[in-house]
Amino acid sequence: MGPLTGLRIIEIDGLGPVTFAGMVLADMGAEVLRLTRGGNAPAAVFDDVGGEVLHRGRIAVPVDLKSPEDRDKVLALIAGADALIEGFRPGVMERLGLGPDACAAINPRLVYGRVTGWGQSGPMADQVGHDINYLALSGALYPMGAGDQPPCPPLNLVGDYGGGAMMLVSGVLAAMLEAKTTGRGRVVDAAMTDGSALLTSLFHALRARGLWSDTREANLLDGGTPFYRCYACRDGRFVAVGALEPRFYAALIDGLGLTPEDATQFDRDAWPALQTRFTALFATRDRDDWAAHFAGTEACVTPVLTLGEATEHPHNQARGTFVKAGIVQPAPAPRFGAHAAPVSADRPALPLDQALADWAKPAASRVT
């Protein structure tokens, strides 16, 4: 049982951050009903992208939200829910008769979580976009990548999942906690532009103190230093070096056969030449040879693993960071105790009428 056991959440199925947020909430023990597109509606938007993992732990309930009959049944489900999460563009849920006001009228304590790219208000609220666009406008994209290349998008981890899904999850959890005390829900407006901007807080602080420039690959944490970046090895694979603190840096240069006099850490003028030396040194051995060489030291040198290699690493295996549930996939995180929570597979679809009847039963007797 997870810490959210007993809480009931309606997820209006979609792609991107809503799906990830629904997975996280279910991993934490919430009972999540994932309302999928039914009826004659085109299914393109609801294609099963990553469903074997991202849909785990929830029951799928096909509905036609344009059908008055189905909409009334969905409202009946909402009447008994603690929260609803959705990721449509502003106004879509209102036009379907399922907006915050309609839901609050039947369930005043409902927390209504909304995640969009641009937010529910502002001059761009109705525009389309994707993760890369939201990152671009938030300022989070510009610092990423090599200095002589265009910015490089960090997969969809920062916008969709960090600035979107995880901000939605934290906002919904905070609002549900409040609703337990006040009996009143809230609308949670999670915009990926807002969330991505929030994630850049450190760099705004550094920039205000003159410690961060707008030049890519010229700063402490963007690969601009020789002691915080990745290097290619003899076999074409890579190591990551994160020797920020002086004692960690001392272990790094000792392991590379250098002396402090050869490689002063904070002489910015010497960084380009020092990076060239590090590049040449790391190219003399294979990646795993370097990993073994630095194992157990404070040099902060680790192999850069592929997705497949990460599942086989001894540390990840010892902790159960990845589990096999149908396919190998990341285990729930964070942990609430010493061990990772078990993974629940995505569940067979449940007819809307059965879901409605089951929703009214005590938790112990519901379909699981």
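**Exercise 1. Decide whether C103 is buried or exposed.**

Solution. Start with the relative accessibility of C103, which is 0%. Next, recall the classes: buried is under 20% relative accessible area, exposed is over 50%, and partly exposed is in between, with a 1.4 Å probe and protein chains only. C103 therefore counts as buried.

Before you go on, a word on the model: it is predicted, so local features need pLDDT of at least 70 and side-chain atom pairs count only at pLDDT 80 or more, while totals for chains, interfaces and linings use all residues. Residues are numbered from 1 along each chain as its sequence is written, and side-chain values use heavy atoms, with hydrogens and water left out.

**Exercise 2. Find out why C152 has no bond to the sulfur of C230.**

Solution. A disulfide is a covalent bond between the sulfur atoms of two cysteines. Here it is taken as a pair of cysteine sulfur atoms within 2.5 Å. The cysteine sulfur closest to that of C152 is in C230, but it is 12 Å away, so it is too far for a bond. As for its surroundings, C152 is partly exposed at 46% relative accessibility. In the whole structure, the number of disulfides is zero.

**Exercise 3. Place L155 in the chain and describe its phi.**

Solution. First, locate L155: it sits in the loop between α6 (131–138) and α7 (157–182). Helices (H or I, at least four residues) and strands (E, at least two) are DSSP runs, numbered from the N terminus. Then look at the backbone: phi of L155 is near 50°, a positive value in a residue other than glycine. Finally, with a relative accessible area of 66%, L155 is exposed.
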